[in-house]
Structure formats: C-alpha cells, structure tokens
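Please look over the sequence and the model below before reading on. The paragraphs that follow begin with single residues and then widen to the whole chain.

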Amino acid sequence: MIDDNTDMHYLQLLSHSFPTIAAASTEIINLEAIMQLPKGTEHFLADLHGESEAFRHVLKNASGNIKRKVNELFGNTIREQEKKELCTLIYYPEEKLELVKASEEDMADWYHITIHHLVAVCREVSSKYSRSKVRKALPSEFGYIIEELLHERPDDQNKTAYVNVIVDTIVSTGRADDFICAVCNVIQRLSIDSLHILGDIYDRGPGAHVILDTLRHYHSWDIQWGNHDVLWMGASAGNDACICSVLRLSLRYANLTTLEEGYGINLVPLATFAMERYADDPCDGFWPILLRGQEMDEKTQRLTAQMHKAVTVLQFKQEAKLIARNASWQMEDRLFLDKIDYERSTCRIDGIDFEMSSCCFPTVNPADPFALTAEEEELMARLHHSFVVCEKLRKHIKSLLAHGCMYAIYNQNLLFHASCPLNADGSLKAVRIYGREYSGRALMEKTGQLIRAAFQSDTEPEYRRYALDYFYYLWCGPDSPLFDKSKMATFERYFLKDKETYKERKGNYFLLRDSAEVCARILDAFGVGGANRHIINGHVPVHASRGENPIKAGGLLMVIDGGFSEAYHNETGIAGYTLVYHSRGFQLVQHEPFTSAEDAVRRGIDIKSTTQIVEMSAQRMLVADTDKGAELRTQVDDLRRLLYAYRHGLIKEHAPA
C-alpha cells in the first residue's frame, strides 16, 4: 500500500490537510460524489479580433444557452415577451433596471415576480454543480441569501412564508437592484464552466483591450496564442518590426482605439513625421478601410494614409535587420527595397521585373535602401519607448503569458490556433530553432519556451536577443506554426500591380487537414487518445456562405474561425462560431452579426444563433469522464493510502487543538 520513504513523506504532508480519519474519509466521500455530477460546460471561441461587444454578449448569453434554459424552464407559463425581457435583464442587469424603473408603475410587484424568476433560472444553471462550487461563485454580500433561496423547493408549503419574507425584506430594505444584479451575474458565471480562446484577440476591431480586461476578471479561461497575439507580445517586448506591423494594421483598418484609448500609445510623432515626409505623396493603396459605419473626413483619411505608408516603409527596414541577423530563417526573398528600379518603376523578383503601382519612397536611399534616416531613427526610438513602458499593455501581455501557451489538451481535445507544420507526405515537419530541430509537440513547447524567455530578465543575453527576434518569424515565417504559408505578401499587395504576386501558398497542414489519417497522426504525436478525440483550430475563416463545413476529417478536426471581425463578415457570411462541449456532447453555435449592447437592452435584440449538433454522447458525460475526474481519482487514491497509514499506525492522527 505504501511503497517507500518518499511515499511516507508525501503522506505526512497530506496529513496536515486531513489530520484525522474522519477528515480524510469525508473528503473521499466528497470527491467521489463530485465525480458523479455532469461535466461542466466548456465554450471554445477563436479569432475575436477586437470585437469586444460581440464577445462580451456571447459570454453574457452563454452562446444562447441562457435563452434556451429560460424557454425550457418557463415554457408557456409566461409570455414570449416576458421571457425576452428576462433574458435581457440577465445579460445587462444594470442597464435594463434603469429602463424598467422609467416605465414600470408597480416596482414592488415587478421586483417580487422578477426575483422569483431569476432564482428559478439560477437554480437550473447551478444544478450540475456541487453546493461547494456554487457557494464559491456567490457574491459575499448576498451569498447566504442566494444559497437559501436556491436550495428551498418552490413547492415546499412549509417554507413558502420563509421564502416570501426573504424576498419581501430584500425589496423593503432597498436592496432589490443590487440583489438582482448579483443573481444575474451568478447565472452568467455558472452558465460557462470554462472558456477556451483559440487565439487572435488583437487587431481588426477596436476593443482588444476591453476583451483582455474582461478576461483578466473571468473565473476560468485559457488561451492558445494566435499570430496577432504574438505580434502584440513582440511589440510589448520591444521588437521594432512587430511594433511597426501593429501600427500598420491599426492604420490600415482605421482602428486606433486600442492603441490610443486602450494603451495610450502616443501617435503624434508618427503623424508629424508622416505629414512632413509624405506631404506630396498621394499614398494610393494606403487609405484606410472603414468598417462598421465608421465616418472619417477626407483630411483625417489623408493623414491616416500618410501615417500608414510611413510606418509600412519603416517596417520593411526593420524586417531587413532581423532577416540579416537570422540567416537560418531563409527569408531573404522578403527583402524588396534593394530590388527597385526607380527609373523604370519596376521591382525585380526571381529575375522578373514587375511593374509597380507606386515608386514614391521619400525616405529610402537607393544606395543604402534599408538604412533608417536620422528622423526615422528618432521616430522609432519614441515608438519603441511608448510600447515597452506601457503599463496596461504589460499587464495584458502578462495575463496572456499566465493563461496561455502554444497548445493545450483538454478532455481529449487538442487545441492550437493555426497549424502543426507538416511535410508533403503528412509527416511532422522539423523546424530549426536556435540550432536544433523540433517537430510536433516538441516544436510547440520549444516555441512557447522561447516566447517566455523574451520576457525573462535572467535569460542569457544572446538567447534573449534571438527570442525577441523570433516574434517576427512567428508572425510571418514560412514554417511558423502560427502562420505556415510560403510568404506574407505585404510588399506585393501595396506596391505591385500583378495580382499573381499576391498569392500566398498554404502550408501542408492546411492542404492535408481534411484527411482523417493525417489528423489522427497529429493527435497520436501529441499523446491524445480516446474514442472521442479532436483537434480544434481557428486562424483560417470558414466560408460558411459558400457551403464550407467547419467539421473536417470525418469529425476529427473542428475549425471554429467563423469571422467575429466585421472585416471578415462578407468573406464568411456569418459573424463567428462558439463550440460548446457539455455533458451530452458537442454543439456548434453559428452567430449572426451583433448590432450593439444598446440594441440588446432597449429593443431586446439578441444575437441570432443557429445550433448544429456536431457529436452527441450515448450517455451523459460525468466529471469522472474528464481530465478533472482523473485528478480527483488520484486525490482519492492518495487519501485512501493516508487512511491505510492512519489505521495501521504508520501515521498518527493529529488531535484537534
């Protein structure tokens, strides 16, 4: 039963937490009971791209799950409008209460009815959890009251007066609003047990900082970093090419909210530089792409275009430094400023001269095209300083590091953002990092270690320099598991007329991922077994409007990038997916575009969502069937060994003080 001194040492430590036979036995009973509860509901989201309002609404309505619970619970006992009003109250309690108080004549009656309805919904969503777990989710000021109401049966005649007096007193003491808000927040909290973000919080939309503020206070979440996340991580760490790319993308989509309002990045030096150096440049191809009904006068668009082009040229120069310093990346083909014929307005690529749409580069010296001018050096220093000293950005990146990694495995599901690099025959591709080759799981783990090394002050200087550079490779390197394409055709799209040069060949993972054999091989390589195992990805938008199925490889692969960002709505035809994994199986929720939180509150407009059953279990899954169940079984085994030690006198019980 007890093997060696190490075992005894561990059991001695365990005995401090469970000092008696009674304490150890009680905990065994508790853990065994928890394993028989239904598994908690997991939500998987990908490629949020700054769409904070839609993201927060999906969290608030639990991807439509709260609305479904309300419909099942109340059926025809209340009107459809009342159910809609109740759902809106649960999603936005503070805002909805203000509207109700402006129109409702008998607030006392409304409070009584509403509180009873909310408690019924809360009782329903909490039914799959232990009392202990529910108790931990309750706010301290109302915890006792909510717990009493949750665990009193509504049909118990002996307790009717007791329950009514509790509600009466909540109303009469003027605490009804606070109590309602507290219960609504508990319903939201218990409707999603754990949240998995498969990368790309940043870029495109205006609220990446809002999403991260939300996540920092969320009860259970993890993230598998995406290429856009790593780009911002690199910018925060001080990679100048990443800083330029972050600015370029923000200017391209006229999305300066995250930079200026979210992080306080000072763009005045860039604006001043751009107005002076690009005053006579029409900046064709650099005018911002306006989304979501954005309005911008022509003067502001003109300035944005100038800033956009200025930072793009600066990016090309910064990239050249990294490529020259890291010859093993073999990315010399991404250098173009030295291949321009200014007299003929052409650029020579692979021995072919391509006509350029513009040949105006006021800061490029043809004799030394990648050298920064003195003004550019000063500008870059100021931009660098703004990013690396930004405290809020540092906090957000710290959260990404604390909750994130390159891949994760949860309940037989392998999660990563984009790709697992493959050879043409479907075997794992070896990628060279700092003089050694890695593939599959080892590649993901090494990449994650390298990312973290860039933020550690005790990292050996040369290795830290490489780690800092590597953010750029992860963003656009051909064998990056976050990119996995032949090239990022940034220069070509801005400056060359021939659209054939824009094509970016996808890596073998994207070409072979429909194969069940290939996906099974990847799952095997990551040690993911079981009959119901899956790979879950984002990164590449699913063209639902063209009939593309997000479920691939005979069900082994699920691609859940449905285009949260408005920039992708025309491309995908929808506005994002949520993959929901509950005790009965997988459901894929397809969302239509979200209007606004104001519409949701004032007009009761919810995100219209369509649910597709992906995979259902013959039997309801329990906690015992999950990773958590495996942990609990280990704890039970340890506690049983502790009981053995107590009963055989190997360890003495600790008498209570």
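S250 is buried, with a relative accessible area of 3%, and in this predicted model S250 has its place in helix α14, which spans residues 240-252. Leaving out residues up to four places away in sequence, S250 touches W232, N255, L256 and L259. A further position to compare is R204, which stands 46 residues from S250 in sequence, while the C-alpha atoms of the two are 7.0 Å apart in space.

A second buried residue is found in another helix: Q188 belongs to helix α11, residues 176-191, and counts as buried at 12% relative accessibility, because the cut-off for that word is a value under 20%. Which residues does Q188 contact once its neighbours within four places in sequence are left aside? They are K60, I66, I90, Y91 and P93.

N423, by contrast, is partly exposed, with a relative accessible area of 28%, and it sits in the loop that runs between strand β9 (413-416) and strand β10 (431-433). Not counting residues up to four places away in sequence, N423 touches L428 and K429, as well as N508 and L512. A241 offers a view across the model, for the C-alpha atoms of N423 and A241 are separated by 29 Å, the two residues being 182 residues apart along the chain.

Two loop residues deserve attention for their backbone angles. Most residues other than glycine have a negative phi. Y434, however, is not a glycine and has a positive phi of about 50 degrees; this residue lies in the loop between β10 and β11 (436-438), where it counts as partly exposed at 35% relative accessibility. D484 likewise has a positive phi, near 55 degrees, in a residue other than glycine. The loop that holds D484 runs between α21 (461-476) and α22 (490-495), and D484 counts as buried, at 5% relative accessibility.

From the backbone we can turn to charged side chains. Side chains of opposite charge can pair when their charged atoms come close. The structure holds 37 salt bridges, and one of them is formed by the side chains of K392 and D213, with a distance of 3.2 Å from N to O. This pair links distant parts of the chain, since K392 belongs to helix α19 (residues 391-403) and D213 to helix α12 (residues 208-216), with their positions 179 residues apart in sequence. Both partners are partly exposed: K392 has a relative accessible area of 31%, and D213 has a relative accessibility of 26%.

Helix α19 also contains a salt bridge within itself, in which K395 pairs with E391, the closest N and O atoms being 3.7 Å apart. How far along the helix does this pair reach? K395 and E391 are four residues apart in helix α19, so about one helical turn separates them. K395 is partly exposed, with a relative accessible area of 39%. Elsewhere, E437 forms a salt bridge with R432, and here the closest N and O atoms are 3.7 Å apart; R432 is partly exposed, with a relative accessible area of 43%. Salt bridges that share partners also join D7, D638 and R641 into one network.

With these local features in place, the view can widen to the whole protein. There are 27 helices and 17 strands in the protein. Its radius of gyration is 28 Å, close to the 26 Å that the globule rule gives for 657 residues, so the protein is as compact as a globular protein of that length. Taken along the principal axes, the box that the C-alpha atoms fill is roughly 95 × 75 × 50 Å. Among contacts between residues at least 6 apart in sequence, 72% join residues at least 24 apart.

How much of the protein is buried? Of its 657 residues, 55% count as buried. The accessible surface comes to about 29200 Å², and carbon and sulfur atoms account for 48% of that area. As for charge, the protein has 74 positive and 92 negative charges, and the mean positions of these two sets are 2 Å apart.

Terms used
Residues numbered from 1 in each chain as written. Predicted model: local features only at pLDDT ≥ 70, side-chain atom pairs only at ≥ 80, totals over all residues. Heavy atoms only, no water. Helix = DSSP H or I, 4+ residues; strand = E, 2+ residues; numbered from the N terminus. Rg over C-alpha atoms; globule rule 2.2 N^0.38 Å. Buried < 20%, exposed > 50% of the residue type's maximum accessible area, 1.4 Å probe, protein only. Contact = heavy atoms within 4.5 Å. Areas by Shrake-Rupley, 256 points an atom, 1.4 Å probe, with all protein chains shown as cover. Lys, Arg positive; Asp, Glu negative; His and termini not counted. Charge placed at Lys NZ, Arg CZ, Asp CG, Glu CD. Salt bridge = Lys/Arg side-chain N within 4 Å of Asp/Glu carboxyl O.
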